[in-house]
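Visitor: I should like to learn how to read a helix and a pocket in a model of this kind. Could you guide me through the features in turn?

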Amino acid sequence: MKSTVFAVALLGMGTSSQAAIQGLYGSDCLHVEGLSAYKDMAFDYGTLKQVQTVFGDDECQTPAYDFVFEGPYSLDETLGFIDYSFTSIRLTPLNPGVAENFNHYELCGISTWEAGKGQDVAGLNCGGQIIPSLNTFVYDRVRDNKGDIQMGRASPDFNGSTPNHRPVELDVVIYHAK
């Protein structure tokens with residue numbers, strides 16, 4: 001899917017323009033504590049689908065599981081604010097060994113994991129991480145970065161839980177148009 005970015009000039013304000021987002025964007029391989037991940041975001045006429053594929057190595061070579069978040073979003077182009085919620089949150093083990101481990105530990109309180117078959121995990125405790133409930137709003141920011149995008153960087157004080165807690169800084173991760 002080819003992405004389309006339309007710049008909107010802020011007349012007379014002397015600030016950089018923000019962008020209407022449409023299409024598919026993806027990160028480079030992200031490295032976290034011996035694991036790695038790719039994160040893709042598809043913006044399709046008011047629907048946001050985020051897919052985070054986590055790998056069992058630190059080079060994005062051995063896929064372990066996918067987290068898929070999907071739901072509506074709205075964008076304030078002039079301020080660069082993007083608000084979204086999820087109507088679906090699914091976790092899918094990508095190979096039999098990962099499914100077996102998920103079952104052994106009853107990850108998210110579920111013991112019926114199968115490779116390639118997603119489970120709804122909204123609102124559940126998954127290994128000490130509480131997954132958001134369905135329809136929980138996230139108040140974020142987005143910036144056009146020469147056709148790519150950057151999202152807000154969450155912090156304890158600016159975690160996106162309310163409009164007043166919207167991130168104020170941008171994350172270092174750049175999502176490239178695909």
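Guide: Let us begin where the helix ends, bearing in mind that this is a predicted model. Following α1 comes glutamate 106, which has a positive phi, near 45°.

Visitor: What caps the N-terminal end of α1?

Guide: For a cap, one looks for a polar contact, a pair of N or O atoms within 3.5 Å. Here the cap is asparagine 95, with a side-chain oxygen 3.1 Å from the backbone nitrogen of glycine 97.

Visitor: Which residues of helix α1 are buried?

Guide: A residue is taken as buried when its relative accessible area is under 20%. In α1, which spans residues 96-104, these are Val98, Ala99 and Phe102. Viewed down the axis of α1, the buried residues lie within an arc of 100°, so they line one face of the helix. Elements that cover them include β6 and β8 (88-93).

Visitor: Which exposed residues does the face turned away from the buried side carry?

Guide: That face of α1 bears Pro96, Glu100 and His104.

Visitor: How many residues line the largest pocket?

Guide: The lining consists of 44 residues, and Lys39, Gln50, Gln52, Phe69 and Gln129 lie nearest the centre of the pocket. Two or more lining residues come from each of β3 (30-32), β4 (35-44), β5 (47-55), β6 (63-76) and β12 (138-145). The largest share, five residues, is that of β4. The volume of this pocket is about 1,200 Å³.

Visitor: How do the lining residues divide into nonpolar, polar and charged?

Guide: The lining of the largest pocket has 26 nonpolar residues, 13 polar and five charged.

Note on methods:
Residues numbered from 1 in each chain as written. Predicted model: local features only at pLDDT ≥ 70, side-chain atom pairs only at ≥ 80, totals over all residues. Heavy atoms only, no water. 1 Å grid on protein atoms, 1.4 Å probe; cavity = no way out; pocket = protein on both sides within 12 Å on 5 of 7 lines; lining within 4 Å. Points joined across faces, edges and corners; volume = space filled by probe spheres on them. Helix = DSSP H or I, 4+ residues; strand = E, 2+ residues; numbered from the N terminus. Nonpolar A, V, L, I, M, F, W, Y, C, P; charged D, E, K, R; others polar. Buried < 20%, exposed > 50% of the residue type's maximum accessible area, 1.4 Å probe, protein only. Arc of directions from axis to C-beta. Contact = heavy atoms within 4.5 Å. Polar contact = N/O pair within 3.5 Å; in protein donor to acceptor, adjacent residues only side chain to side chain.
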